[in-house]
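Colleague: Hello! I am new to this structure and would be glad of a guided look at one part of it. Please take me slowly through the core, along with whatever helps me place it.

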Amino acid sequence: MIIINNADVLTLNDADDAHFGGHVVIDGTRIVAVGDGAWPGPAGEGDTVIDARGKLAMPGLVDLHYHTAIGKGFSDHLPLWEYLEACWYPLIRNLDPEAAYWAAMASYAESLKGGVTTVNDMYRQLPALGKAAEEIGIRAVLSNDVALPEHDLDTLETNQEAYRAVHGLGDGRVEVYVGIEWLPLGSPEMLRDARALADDLGTGIHIHLNESLTEVQDSIKRFGQRPTEVAYDAGLLGPDCVAAHCVHLSDREIALMRETGTQISHNPSSNAKLGNGIARLPEMLNAGLNVGIGHDAAECNNSRDLFEVIKFASVIHRANRLDSSLTQAPDVIRMATRNGSDALRHETGRLEVGRKADVILVNTNTLAFTPLVPGDKAHLYSHLAYASNGSAVDTTIVDGQIVMAGRELLTVNEEEIVREANAAFARVLARVEKAKA
Ligand SMILES: [Zn+2]
């Protein structure tokens with residue numbers, strides 16, 4: 001068992017309970033006790049007892065729209081479509097399995113160090129990603145970059161093979177969804193086939209929808225409909241479908257998301273950096289959509305620190321609507337934890353007895369959390385959303401396994417990951433340059 005005592009516990013449960021100086025106890029992969037005061041025990045031999053004085057315990061973060069990244073810091077000035085052609089597609093077309101493995105290791109390591117316990121990762125070479133996720137200990141939902149064959153990315157067959165090879169690894173911690181790159185590289189028929197495959201496999205779907213105005217215009221030109229309307233008619237949408245971005249949704253498209261129970265990943269910092277715009281989050285929330293948060297990719301968002309995205313998700317709508325009452329601190333923390341977990345139909349996202357034990361400890365005995373009023377829940381939420389960042393995370397526990405303690409990753413060698421990820425990028429870049437020549 002893992003026994004965490006003396007923590008300020010934010011449970012994120014329906015009642016939004018907090019326990020100051022409380023405990024969280026984990027047995028195997030699940031939470032078995034949460035409450036006030038120290039756990040009455042007794043602790044047995046071999047149990048790990050953590051004194052979490054000066055720390056808060058909360059559910060691990062869920063990065064609901066994620067791509068493993070092999071490179072970053074290139075094409076930072078380009079709009080989405082040009083950026084994809086100049087940077088993203090050449091890199092992912094030239095991946096080898098080993099490069100994908102080290103890129104995933106670097107990505108997951110950075111995420112775990114920032115308190116992210118689940119990633120919804122759309123990328124390529126899924127067996128390599130699954131191996132990385134299994135070894136490092138992160139919870140991962142993987143999907144391919146499926147596009148029409150002429151675009152030289154993945155096909156539904158690749159995705160199906162990946163499902164057979166990877167789904168269920170790590171005692172079920174690693175899953176495979178059907179992933180659709182985006183409609184400009186797809187067709188209504190492909191979306192219908194993707195839905196049929198997902199239903200056949202009994203799994204979910206991950207897609208980019210309505211990310212940019214150019215995407216919406218392209219869809220209207222080619223199909224006579226907006227992207228979400230095309231997806232709706234193809235039967236793609238549903239509670240098992242995560243639609244990323246949804247920046248340019250019409251009122252009708254928001255209603256279609258609502259009607260189908262489609263899950264939304266809001267990625268405001270990526271949308272801002274790429275010049276795509278600001279999603280209609282207040283309207284989506286008013287419509288009752290379940291909205292989580294994602295960083296998107298380090299290639300286009302550069303940082304994988306989800307706390308940065310949390311802050312962005314709160315403040316950008318206030319700036320845009322001239323309304324400081326929008327998206328308050330507890331709202332955005334819920335989006336990054338329980339909403340993301342619900343979107344993936346996981347048993348995480350709240351510290352409750354019986355749930356899977358994805359737990360993080362955040363250091364509050366720091367300048368970023370000063371001053372801190374003892375016993376004040378609202379103050380903790382405020383500091384988490386606005387004053388802190390991922391480097392405040394001290395301990396990360398996934399599925400009952402401590403993967404980071406005292407900011408040190410326990411499952412992997414961080415120095416080796418940095419070295420190998422750099423080498424992998426150099427190798428892939430050389431292949432890209434050679435293909436261009
Ligand atoms: Zn994306």
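Modeller: Happy to! One term comes up at once: the bounds of a domain are taken here from an automatic or database domain assignment. Please also keep in mind that this is a predicted model.

With that in hand, the protein chain is divided into domain 1, made of 2–59 + 348–406, and domain 2, which covers 61–321. Between the C-alpha centres of domain 1 and domain 2 the distance is 29 Å. Their contact draws on 17 residues from domain 1 and 19 residues from domain 2. On the side of domain 1 that touches domain 2, the elements giving two or more residues are β15, α14, β16 (393–398) and β17 (401–405). By type, the residues on that side of domain 1 are eight nonpolar, seven polar and two charged.

Now to the core. The largest nonpolar core holds 134 residues, and the ones with the most contacts inside it are V24, A57, A103, A104, M105, Y108 and I310. Helix α2 (residues 97–113) supplies the largest share of this core, with 11 residues. Where does the core lie with respect to the two domains? It lies between them, because domain 1 and domain 2 both give residues to it.

Y108 is a good residue to click on here, being one of those with the most contacts inside the core. If you set aside its neighbours within four places in sequence, Y108 is in contact with V119, A132, A133, I136 and I138.

While you are looking around there, find Q125, placed in the loop between β7 (116–122) and α3 (126–136). Although Q125 is not a glycine, its phi is positive, at about 55°. Is Q125 buried or exposed? It is buried, because 25 other C-beta atoms lie within 10 Å, and 20 are enough to count as buried.

D16 makes a nice comparison. D16 is not a glycine, yet it too has a positive phi of about 55°. You will find D16 in the loop between β1 (2–10) and β2 (18–27). D16 has 13 C-beta neighbours inside 10 Å, so it counts as partly exposed.

Two prolines are also worth a visit. The peptide bond leading from G41 to P42 is cis, and its omega is near 5°. P42 sits in the loop between β3 (30–35) and β4 (48–51). The other cis bond to look at runs from T370 to P371, with omega near 0°. P371 is found in the loop between β15 (359–363) and α14 (377–387), and β15 and α14 are among the elements on the side of domain 1 that touches domain 2.

Finally, let us step back to the whole chain. Its secondary structure comes to 15 helices and 18 strands. Of the 437 residues in the protein chain, 54% are buried. Among contacts with a separation of 6 or more, 73% join residues 24 or more positions apart. Along its principal axes, the C-alpha trace spans about 65 × 45 × 40 Å. How does the radius of gyration agree with that of a compact globule? The protein chain has 21 Å, and a compact globule with 437 residues would have a value near 22 Å, so the two agree.

How values were computed
Residues numbered from 1 in each chain as written. Predicted model: local features only at pLDDT ≥ 70, side-chain atom pairs only at ≥ 80, totals over all residues. Helix = DSSP H or I, 4+ residues; strand = E, 2+ residues; numbered from the N terminus. Buried ≥ 20, exposed ≤ 12 C-beta atoms within 10 Å, placed from the backbone. Core = buried A, V, L, I, M, F, W, Y, C linked by C-beta atoms within 7 Å. Contact = placed C-beta atoms within 7 Å. Nonpolar A, V, L, I, M, F, W, Y, C, P; charged D, E, K, R; others polar. Rg over C-alpha atoms; globule rule 2.2 N^0.38 Å.
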